[in-house]
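Thanks for making the time this morning. I would like to walk through one model with you, going from a single residue outwards, and I will try to keep to what the coordinates themselves say.

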Amino acid sequence: MRSDAGSGNLAGGDERRGRQPSPVAAVPGELTTVDAFLGGEVEIEQPAKGYRAGLDAVLLAAAVQPVRSNSGPLRVVDVGAGVGTAALCLAARLEEADVTLVERDPLASQLSDRNIERNSLAGRARVVTVDVMKPAPEAVKQGLADASFDLAISNPPYLAEGRHRPSADELKAAAHAMPEDGLDRWLRFMARMTRPGGTAVIIHRADCLEPLLAALNGRFGGVVVLPLHPRAGEPASRVIVRAVKASRAPLRIAQGLVLHDDDGAFRPDIKAVLSAPRALDWPGPGQAPG
């Protein structure tokens, strides 16, 4: 679970900005807000302070291009799902998606459950409270079978423990940091959950691309890296990485996407995927980079 830098109210969702915080039943004194995503197609209840989902989660969901092993549902696992923003934005776009949200924090899991109900997705979404850093039997106990998902998505913690000043907010601190070897263990879990030929889609900091590629090595191949640039001419601040389990295809770098115009407004193609359940336009499996 991690927090994004953006507000929970993204393009097209500001009409719900005035909704009042409500108490989280199991946590006395904790306040939440209900925020609109994808132009109001998805509503997310999340803590009013500390952990706040935003741009990264929505872009992760928009980056998914479904690949299924059969004509049944697209089985998706969101690893480190937080309050469910990415998974539920994906489910809103893809009616064939059956999503499992994996989250270690009980409060975030509780909010994910509420968000599934709020968005009428109880028939094809569920939450499993599991720490992916712990041994495999923990996942098995919760009914997570190896190689049972077509797609694994993740917005993992961006920082290594001990290399930054942790947030005083416990949820935010947990959302941002993982152990030194955490990224490798995180990808190990994603690989375990994904069927051969299945896909992983991950959003991460651009300066963490090297350890991310190292963690993918030997587990996923056919890697496509999509750089995300804040503005034209600026270095990428984020990357979206897509890879296929057990593939031997070579690494490719896609043409980067620029998020903002010079005046700070989202560019039209980015605003489009923030305002409605739409896909990012970038190379699909087997396509050449743009």
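Let me begin with A139, which counts as buried because its relative accessibility is 2%, and the cut-off for buried is under 20%. Please keep in mind throughout that this is a predicted model. A139 sits in helix α4, which covers residues 136-141, and, leaving aside residues up to four places away in sequence, A139 touches V130, L144, F189 and R192. There is also a longer link in sequence here, since A139 and M193 are 54 residues apart along the chain, while their C-alpha atoms are 9.7 Å apart in space.

Stepping back to the whole chain, we have eight helices and 14 strands, and of the 290 residues, 53% count as buried. If we take the contacts between residues at least 6 apart in sequence, 72% of them join residues that are at least 24 apart.

What, then, of the nonpolar interior? As a general point, nonpolar side chains in soluble globular proteins tend to be buried together. In this model the largest nonpolar core has 52 residues, and the ones with the most contacts inside that core are L59, I153, I240 and L280. Helix α1, residues 55-62, gives the most to this core, contributing seven residues. I153 is worth a look on your screens: not counting residues up to four places away in sequence, its partners include L60, V64, V76, V77 and V79, and also M190 and V201, and D78 is among the residues it touches as well. Apart from this core lies another one, of 31 residues, and among its members are V77, V102, M133 and A215.

Now to a piece of the fold that is easy to trace by eye. Strand β5, residues 97-103, and strand β6, residues 125-129, run parallel and are joined by five bridges, with E103 standing opposite T129 in β6. Between these two strands the chain passes through helix α3, residues 106-118, and the resulting β-α-β crossover is right-handed.

In the loop between α3 and β6 we meet S120, whose phi is positive, at about 55°, although S120 is not a glycine. That deserves a remark, because most residues other than glycine have a negative phi. Is S120 buried or exposed? S120 counts as exposed, because its relative accessibility is 66%, and the threshold for exposed is over 50%. A second case is A246, which is not a glycine either and has a positive phi of about 70°. A246 lies in the loop between β12, residues 238-245, and β13, residues 252-253, and A246 is likewise exposed, with a relative accessible area of 59%.

A loop residue need not be exposed, however, and N155 shows this, being buried at 8% relative accessibility although its place is in the loop between β7, residues 149-154, and β8, residues 159-160. The side chain of N155 makes a polar contact, at 3.1 Å, with the side chain of Y158.

Finally, a word on cysteines, for those of you thinking about the chemistry. How many disulfides does the structure hold? The count is zero. C89 is buried, with a relative accessibility of 3%, and C208 is buried too, at 11%.

Notes: Residues are numbered from 1 along each chain as its sequence is written. This is a predicted model: local features need pLDDT of at least 70, side-chain atom pairs count only at pLDDT 80 or more; totals for chains, interfaces and linings use all residues. Side-chain values use heavy atoms; hydrogens and water are left out. Two strands pair if DSSP finds at least two bridges between them. Helices (H or I, at least four residues) and strands (E, at least two) are DSSP runs, numbered from the N terminus. A crossover is right-handed if, with the strands pointing away from the viewer, the path from the first strand over the helix to the second runs clockwise. A nonpolar core is a set of buried Ala, Val, Leu, Ile, Met, Phe, Trp, Tyr and Cys residues joined through side-chain atoms within 4.5 Å. Buried means under 20% relative accessible area, exposed over 50%, partly exposed in between (1.4 Å probe, protein chains only). Contact means heavy atoms within 4.5 Å. A polar contact is a pair of N or O atoms within 3.5 Å; within protein, one must be able to donate a hydrogen and the other to accept it, and residues adjacent in sequence count only if both atoms are side-chain atoms. A disulfide is a pair of cysteine sulfur atoms within 2.5 Å.
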